[in-house]
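Got the viewer open and a selection box ready? Let's walk through this one stop by stop.

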Amino acid sequence: MKQEFNIIANNIEKGTRVLDVGCGDGVLIEYLKKEKNIDVRGLEISKDKVQKCISKGLTVIEGNAEIDLKQFPNNSFDYVVLSQTLQAFINPELVIKELLRVGKRAIVTIPNFGFWKIRLHLLIKGTMPVTKTLPDEWYNTPNLHMCTIKDFVKFSNKINFKIFKSIAMNEKKTSLINNKNLFTKNLFSELGIFLIEK
Amino acid sequence: MDKLKTLLVKKPLELDCGKIIKDFPIAYETYGKLNEKKDNAILVFHALTGDQFVTGINPITKKDGWWSFAVGPGKAIDTNKFFIICANVIGGCMGSYGPSYKDSNTNKVLGINFPIITINDMVNAQYNLLEFFKIEKLFSVVGGSMGGMQVLQFASNFPDRVKTVIPIACTSSHSAQNIAFNELGRQAITADNNWNNGDYYTKNINPNKGLAVARMAAHITYLSKKGLQEKFGRKLQERDNLKFGFDADFQIESYLRYQGSVFVDRFDANSYLYITRAMDYFDLTKQFDGNLSKAFLNTKAKFFVISFTSDWLYPTQENKEIVIALNSIGADVGFVEINSDKGHDSFLLDVPDFLNALKNFLEKSNN
């Protein structure tokens with residue numbers, strides 16, 4: 001399992017109820033279920049991936065987060081996980097609000113567009129950055145709203161949710177982000193992992 | 001009809017219409033073996049024109065059972081692992097208590113003296129099979145279309161008696177469009193002079209024309225426009241040119257006529273009236289004061305809802321409403337919409353994505 005999922009899993013207590021939005025093949029769900037005895041549901045837009053989840057015995061609903069989160073009642077999960085998909089939504093603001101309505105807390109991860117390699121790519125090559133974490137070309141990327149770690153922090157102030165823990169990840173190394181190191185973490189991290197609440 | 005296994009239900013059953021029935025037969029069939037713990041039983045519910053002969057050769061029609069693609073050794077519903085029970089619904093015409101049942105006291109066929117039945121009545125009648133087989137908890141209830149409605153009703157009526165629940169291509173509340181199509185079928189039957197107000201059994205002249213038209217109209221609703229176009233297009237039937245008449249020039253016409261004609265050999269017109277009525281009356285949401293979630297409040301079962309992209313009779317949205325109702329009470333529910341051009345009939349056909357999903361769900365729930 002990838003390091004990002006390890007970090008997410010480490011931040012979820014045993015015996016909680018979790019919704020994994022955009023759960024893909026269900027790798028995280030499987031881990032949380034097995035290792036932490038967590039009651040996890042998945043929401044996934046791709047039929048093929050839903051089928052894979054079913055073949056693993058996971059409870060997954062085919063659906064689009066921008067439409068189908070509506071069906072879950074307020075606070076029906078302890079955590080809602082959204083891994084590297086916020087940037088792909090038409091309306092990320094609405095999705096964040098929905099995550100925090102459905103879940104008491106949410107764990108949101110974002111590919112950091114402020115990472116130095118990305119900045120350098122654009123600066124030197126003058127073309128849209130293509131990296132390991134962002135492998136698509138500008139014309140076929142599903143990512144509509146790329147942002148940086150710093151953008152996300154600003155976003156939290158703007159639409160009024162609380163980040164109670166933020167973790168920077170680069171390769172496999174992780175570190176906590178705070179106000180003092182925000183500039184460097186934004187420059188040297190590939191991924192930002194945010195634990196948020198209302 | 002001596003090939004039919006029948007359970008005579010002695011216990012009185014109060015129907016939704018208020019009438020009480022007792023000493024009535026439920027015809028059923030089983031496949032596979034019930035294990036010692038009696039925890040591997042699956043109750044399959046059939047659709048409008050189905051019967052208890054789910055798979056293998058139907059001994060009455062000599063054709064493949066209606067769910068042969070899905071049920072059998074090694075198939076999605078694996079008869080090597082599971083014990084499959086399927087009963088003919090009450091109101092049906094394959095040995096269960098229905099309008100063609102002959103009352104032994106009066107020695108008369110009931111015809112339209114048969115009471116109006118509902119999906120709830122069908123399910124309550126079949127529940128007797130659990131007691132007959134001494135099954136405390138079914139491993140699963142599964143069915144498509146009207147079978148799916150029975151699945152939902154069963155899960156609502158008997159939440160403690162089932163572990164997994166699989167409603168396929170169905171609805172929690174029959175739509176106006178579906179009622180309209182059913183009414184068309186009923187009107188076709190009752191407009192046939194041979195119907196004779198439901199009393200045709202003694203004369204041995206059946207309202208075959210009406211029933212065939214009902215079947216033809218319904219059959220169109222089971223297919224998709226794209227599926228029809230691909231299979232038939234404007235292809236002509238055993239002729240090179242149009243004949244400028246009302247014969248079946250087109251293959252689609254010939255196909256529908258054939259579907260109508262074979263149907264009347266195996267189905268009773270009055271059963272068609274009664275069962276379509278039961279479907280129209282089905283409104284689980286209304287049974288629970290307009291809140292479908294309440295139908296499942298006590299459930300601990302694992303649900304898996306399946307719909308098909310090209311099914312316009314029981315469209316994905318209606319299936320999703322079931323999912324939404326279950327989610328809103330935190331029930332364990334999975335959902336997938338299967339890609340298929342085969343319309344509502346997809347659940348009966350060889351649609352690998354569907355059959356795989358069904359197989360995987362059942363097997364992974366069997367731990």
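Start by selecting A:Ile110, which you'll find in strand β5 of chain A, residues 103–111. Keep in mind as you look around that this is a predicted model.

Is A:Ile110 buried or exposed? Count the neighbours: 24 other C-beta atoms lie within 10 Å, and the cut-off for buried is 20 or more, so A:Ile110 is buried.

Now show what A:Ile110 touches. Leaving out residues up to four places away in sequence, the list is A:Gln84, A:Leu86, A:Gln87, A:Cys147, A:Phe152 and A:Gly192. While you're here, draw a distance from A:Ile110 to A:Asn186: the two are 76 residues apart along the chain, and their C-alpha atoms are separated by 12 Å.

Next stop: where the chains meet. Select both sides of the contact, 15 residues from chain A and 19 residues from chain B. On chain A's side, the elements giving two or more residues are α3 (47–55) and β3 (60–62). Colour α3(A) first, since you'll want to see what gives the most to this side of chain A: α3(A) does, with 5 residues. If you colour by class instead, chain A's side shows 6 nonpolar, 6 polar and 3 charged residues. As for confidence, the predictor gives the complex an ipTM of 0.91 and a pTM of 0.95.

Over to chain B, which averages a pLDDT of 97, with 99% of the residues scoring at least 70. Make two selections here: domain 1 is 5–175 + 286–365, and domain 2 is 179–276. Taken over C-alpha atoms, their centres are separated by 25 Å. Where the two domains of chain B touch, domain 1 supplies 25 residues and domain 2 supplies 20 residues. Domain 1's side of that contact divides into 11 nonpolar, 11 polar and 3 charged residues.

Last stop: the largest nonpolar core. Which residues have the most contacts inside it? Select A:Val80, B:Ile42, B:Ile77, B:Ile84 and B:Val141; the whole core has 161 residues. Both domain 1 and domain 2 of chain B give residues to this core, so it lies between them. Nonpolar side chains tend to be buried together in soluble globular proteins.

Finish by zooming in on B:Ile77. Not counting residues up to four places away in sequence, B:Ile77 touches B:Ile42, B:Ala70, B:Val71, B:Phe82, B:Ile84, B:Val142, B:Leu358 and B:Leu362.

Conventions: Residues are numbered from 1 along each chain as its sequence is written. Chains are lettered from A and ligands numbered from 1 in the order in which they are written. This is a predicted model: local features need pLDDT of at least 70, side-chain atom pairs count only at pLDDT 80 or more; totals for chains, interfaces and linings use all residues. A nonpolar core is a set of buried Ala, Val, Leu, Ile, Met, Phe, Trp, Tyr and Cys residues joined through C-beta atoms within 7 Å. A residue is buried if 20 or more other C-beta atoms lie within 10 Å of its own, exposed if 12 or fewer, and partly exposed in between; C-beta atoms are placed from the backbone. Domain bounds come from an automatic or database domain assignment. Two residues are in contact if their C-beta atoms, placed from the backbone, lie within 7 Å. Helices (H or I, at least four residues) and strands (E, at least two) are DSSP runs, numbered from the N terminus. Ala, Val, Leu, Ile, Met, Phe, Trp, Tyr, Cys and Pro count as nonpolar, Asp, Glu, Lys and Arg as charged, and the others, Gly among them, as polar. pLDDT is the predictor's confidence in each residue, from 0 to 100.
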